[in-house]
Amino acid sequence: MERTASVNADPPQPSDSHGRWRNWIGFWFLGLCNNFAYVVMLSAAHDILKKQQSENATEPTSTIAFGVDFQGGKSSNSSRYDCNPVSTAAVLLADILPTLLIKLCAPFVIHKMPYGVRVLFCVAMAATSFLLVSFSSAVWMSILGVIFASIGSGLGELSFLSLTVYFSRDVLAGWGSGTGGAGVAGALLYSSLTQAGLSPQITLLIMLVVPCLMLISYFVLLDPPPSLPQWKNSETEHAAVDSEDRQQLMDGSDEDEQDKSTRAAHSTGPLTFTEKLHVIKGLLKFVGPLGLVYFAEYFINQGLMELLYFPTFFLSHAAQYRWYQTLYQVGVLVSRSSLCCVKIRRVWVLSLLQVVNAVLLLFAVGYLFLPSAWLVFAIILYEGLLGGAAYVNTFYFISKETEDRQREFAMAAASVGDSLGIALAGLAAFPIHRHFCSL
């Protein structure tokens, strides 16, 4: 594909391996920190709400709505699926809808905000979410904390994906691996600190180190090129380039040369709204398969996992669910870290395999033909591998196949794919939960 020279063209990168590894590690930490608060918030909100429930003597469903009872309490009903009163899909929607809204709207206006300001905003959102949930005295404060974490994560993801166009393409592997590591690291760190005897409030205050680490990763660890609009927005950068081009036109060029220069200057300007819609149309071949992968994936995670219960297995229902989630996160971490080893252009194949997973487990829930939780553990690990591979390969090939001038917008706009699939999965999970729990 023909490339157009622009401010988004791949900038010169450090020729030494030290500089390249420095940027790779920087994006790894950015991925980890960006998704960390998002991962931790729900477990923390559940603990805080449980404390509020005991203090305020509220109904149990106000707490259980934030997820399965990870404390291993008694079942809420006599269904053979040991159901909770409210599907964990309720948690999913509260967590993903703010992110989805940000990803739908922000790509059209986010170029007006310099990258340095975006990072400061994401750090503020993450820190505020930890503080709100830690010191919450009412349910609405905990929910607001989850929303703040979701906004920060959504804006951070589309911003950092756009940021990768200013670096060598291998930083995408660092970003993908870091986001995969956030799920495992967040769950392990929160569980370890609380089980060590620290209260959820103190644990969340300790985790304020994560937004600080994001600041260090971006402003200290990264080695950005001069073309990066750190404190000036992209329109200002384009205006400076266009001004130089116009000055050259006035320096005695003939008419034909002036016309060529005018067209060249226009090709380096900011994308118009019509051009952005054209880019989005071209992204459908990437966003569609990615959205389908995540629809099937989170339909399993939030609609079926809590129903895949084996009463005779040596682990409790709560422990089985915890291991499902943990193995899923491990699978995501491994596959999002695999870009340096294997690249998969046909992401639609991963989509079909994930849909097969969802259909298989849906029938397994309905007909109870799987013999043991061990087999489900293997399927869930495989599910995580498919989802992580789809994510990191989608953005790698968008970065590789999109024209330079369109690439920054394309990376931001395509980030809506996974969130849209997750939101639709949350909606689809409600009737499934209601149907099987009524049996």
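This report describes salt bridges, one helix pair and a nonpolar surface patch in a predicted model.

A search of the whole structure finds six salt bridges, and three of the pairs are set out below.

| Salt bridge | N to O distance |
|---|---|
| Arginine 20 and aspartate 170 | 2.9 Å |
| Glutamate 401 and arginine 345 | 2.8 Å |
| Aspartate 404 and arginine 407 | 2.1 Å |

The pair of arginine 20 and aspartate 170 links distant parts of the chain, 150 residues apart, with arginine 20 in helix 1 (residues 17-56) and aspartate 170 in the loop between helix 5 (139-163) and helix 6 (171-195). Arginine 20 is partly exposed at 34% relative accessibility, and aspartate 170 is partly exposed at 28%. Glutamate 401, in helix 14 (residues 373-401), is 56 residues from arginine 345, which lies in the loop between helix 12 and helix 13 (347-367). Aspartate 404 and arginine 407 are separated by about one helical turn, because they are three residues apart in helix 15 (residues 404-414), and both are buried. Salt bridges with shared partners also join Lys103, Glu157 and Asp418 into one network.

The axes of helix 11 (residues 273-304) and helix 12 (residues 317-336) come within 11 Å and cross at roughly 155 degrees; the two helices are therefore roughly antiparallel to each other. Residues making this contact include Tyr294 and Tyr298 of helix 11, and Tyr321 and Tyr328 of helix 12.

On the surface, Val117, Leu120, Ile216, Phe219, Val220 and Trp231 make a nonpolar patch of about 550 Å². Helix 4 (115-134) and helix 8 (209-221) are the elements that give two or more residues to the patch, and helix 8 contributes the largest share, three residues. Valine 220, found in helix 8, is exposed, with a relative accessible area of 54%.

Key
Residues numbered from 1 in each chain as written. Predicted model: local features only at pLDDT ≥ 70, side-chain atom pairs only at ≥ 80, totals over all residues. Heavy atoms only, no water. Patch = residues over 30% accessible without salt bridge, like charges linked within 9 Å, V, L, I, M, F, W, Y side chains within 5 Å. Areas by Shrake-Rupley, 256 points an atom, 1.4 Å probe, with all protein chains shown as cover. Salt bridge = Lys/Arg side-chain N within 4 Å of Asp/Glu carboxyl O. Helix = DSSP H or I, 4+ residues; strand = E, 2+ residues; numbered from the N terminus. Buried < 20%, exposed > 50% of the residue type's maximum accessible area, 1.4 Å probe, protein only. Axes fitted to C-alpha atoms, helices over the stretch in contact; angles between N-to-C directions. Parallel < 35°, antiparallel > 145°, perpendicular 65-115°, else oblique. Contact = heavy atoms within 4.5 Å.
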